[in-house]
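User: I am new to this structure and would like a close look at a single part of it, explained slowly. Please take me through the part you choose and what surrounds it.

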Amino acid sequence: MKPRVFVTRELFPDVIEKLGRYYDVEVWDRYQPPPYDVLLEKAREVDALVSLLSDRIDCNLLKQAKRLRIVAQYAVGYDNIDVECATNLGIYVTNTPGVLTEATAELTWALILAVARRIVESDVFVRWGEWWRTRTGWHPHMMLGAELKGKTLGVVGLGRIGSRVAEIGKAFGMKIIYYDVKRNVDLEKALGAEYRDLDTLLQEADVVSIHVPLTKETHHMINEERLKKMKKTAILVNTARGAIIDTNALVKALTEGWIAGAGLDVFEQEPLPPNHPLTSFKNVVLVPHIGSATYEARHAMAELVAENLIAFYEGREPPTLVNREVLRVRPPGF
Ligand code: 8YV
């Protein structure tokens with residue numbers, strides 16, 4: 001008998017096929033995530049789970065999942081999983097770091113450029129005939145935006161994605177400053193980045209880009225007080241987690257012009273409701289949590305999910321294990 005795995009959303013067929021050689025695979029192939037009660041029921045029955053951000057893997061669920069040995073998260077972030085509880089119960093948690101770095105860094109730059117050069121606003125201007133109606137064809141002050149060369153990029157969180165964003169920033173001729181809980185002098189040198197405390201970074205940066213995980217410490221890290229520290233000409237970009245920014249404070253900042261604009265891939269409430277105040281600003285570009293949504297990244301993420309599950313099955317340490325302390329609780333394998 002193969003161990004059972006419940007996959008909470010569609011995976012690529014070749015990856016399912018590969019997993020199927022080791023596991024009895026059940027896929028929840030609907031567009032909506034499984035409701036909590038379904039997830040709970042499945043978790044009680046299976047040996048392994050493949051989870052997404054929208055699946056709440058809390059201690060209540062983990063405690064009831066008596067057979068469950070491994071949760072393979074199909075994402076780099078895992079703030080939906082109670083990792084401490086999993087570790088205590090001897091349940092392995094894995095994620096998918098590295099393979100989505102490029103995709104997320106590229107989307108970050110897409111947002112920076114879209115806000116700085118008013119791309120979405122311009123598209124609407126052309127598409128809906130407003131440009132036509134001006135009859136001028138071209139005007140020297142039409143859709144003026146901000147140039148990036150010589151400006152300062154403030155990277156909040158110099159991990160894999162933050163570092164790649166910084167590297168690209170260099171290529172744009174920007175000065176790079178960063179904040180992180182841990183100062184990394186070697187990385188700083190390699191990237192030509194300078195360390196700042198968060199408040200100083202917010203005061204100096206022309207573009208602020210968020211790349212920290214969501215934790216108790218980073219929740220609403222960008223609040224009203226901090227938004228007030230930013231330059232009136234600055235752009236704020238978030239491709240990390242919505243709750244790192246206090247949304248109400250951001251709406252206030254945009255309404256009162258404390259900052260020049262924002263590019264957002266992530267939100268405190270996902271999906272974002274259609275009439276949310278954030279949808280009313282021309283200087284805000286919104287995308288639906290697509291940081292890792294390239295064919296390359298998503299496929300590599302799915303493969304890494306499978307590699308983690310296969311390694312566990314074979315009694316090896318999964319390559320991207322989040323809770324290494326679990327090795328002391330229980331060896332890998334069923
Ligand atoms: C995922 C992400 O698409 O990896 C992450 O942390 O936010 C995205 O890549 C999303 O979380 C789905 O699980």
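Analyst: What follows looks closely at one loop residue and its surroundings, and then turns to other parts of the chain. The model is predicted, and the part chosen here is Asp-265, which sits in the loop between strands β11 and β12. Is Asp-265 buried or exposed? Asp-265 counts as buried, because 25 C-beta neighbours lie inside 10 Å and the cut-off for a buried residue is 20 or more.

Setting aside the residues within four places of it in sequence, Asp-265 is in contact with Leu-107, Leu-111, Asn-238, Thr-239, Val-287, His-289, Ile-290 and Gly-291. A further reference point is Val-115, which stands 150 residues away along the chain, while the C-alpha atoms of Asp-265 and Val-115 are separated by 13 Å.

Several of these partners deserve a look of their own. Asn-238 belongs to strand β10, residues 235–238, a strand with both of its faces covered: Ile-235 and Val-237 are buried on one side, and Leu-236 and Asn-238 are buried on the other. This strand β10 pairs with strand β9, residues 207–210, in the parallel sense and over 4 bridges, and within that pairing Ile-235 is the bridge partner of Val-207.

His-289, another contact of Asp-265, is found in the loop between β12 and α13. Its phi is positive, at about 50°, although His-289 is not a glycine. Most residues other than glycine have a negative phi, and most peptide bonds are trans. His-289 counts as partly exposed, because it has 19 C-beta neighbours inside 10 Å.

The loop between β11 (261–264) and β12 (284–286) also holds Pro-271, and the peptide bond that leads from Glu-270 to Pro-271 is cis, with omega near -5°. A positive phi occurs elsewhere too, at Arg-135, where the value is near 65° in a residue other than glycine. Arg-135 lies in the loop between α7 (130–134) and β6 (152–156), and this residue is exposed, with 6 other C-beta atoms within 10 Å.

As for annotation, the unreviewed UniProt entry places the feature "domain: D-isomer specific 2-hydroxyacid dehydrogenase NAD-binding" at residues 110–291. In the model, the end C-alpha atoms of residues 110–291 lie 10 Å apart, and the span is 34% helix and 15% strand.

The loop that carries His-289 runs between β12 and α13, and helix α13 (residues 295–313) gives a way into another region, since it packs with helix α1 (residues 13–20) at an angle of about 5°, their axes being 9 Å apart. The two helices α1 and α13 are therefore roughly parallel to each other. In this contact, Val-15, Lys-18 and Leu-19 of α1 meet Ala-302, Glu-303, Ala-306 and Leu-309 of α13, and by class the contact has 5 nonpolar, no polar and 2 charged residues.

Helix α13 also lies across strands β1, β3, β4 (70–73) and β5, running at about 160° to β4. These strands are part of an open sheet of 5 strands, which has the order β2-β1-β3-β4-β5 and parallel pairing. Its edge strands are β2 (24–27) and β5 (92–94), each of which pairs on one side only, and neighbouring strands of the sheet are turned by 15° against each other on average, direction ignored. Within the sheet, strand β1 (residues 4–7) is joined by 3 bridges to the parallel strand β3 (residues 48–51), and Val-5 stands opposite Ala-48 in β3.

Note on methods: Residues are numbered from 1 along each chain as its sequence is written. This is a predicted model: local features need pLDDT of at least 70, side-chain atom pairs count only at pLDDT 80 or more; totals for chains, interfaces and linings use all residues. UniProt positions are given in the numbering used here, feature names are shortened, and annotations may be inferred rather than shown by experiment. Axes are lines fitted to C-alpha atoms, for helices over the stretch in contact, and angles run from 0 to 180 degrees between N-to-C directions. Angles under 35 degrees count as roughly parallel, over 145 as roughly antiparallel, 65 to 115 as roughly perpendicular and the rest as oblique. Two residues are in contact if their C-beta atoms, placed from the backbone, lie within 7 Å. Ala, Val, Leu, Ile, Met, Phe, Trp, Tyr, Cys and Pro count as nonpolar, Asp, Glu, Lys and Arg as charged, and the others, Gly among them, as polar. Two strands pair if DSSP finds at least two bridges between them. A residue is buried if 20 or more other C-beta atoms lie within 10 Å of its own, exposed if 12 or fewer, and partly exposed in between; C-beta atoms are placed from the backbone.
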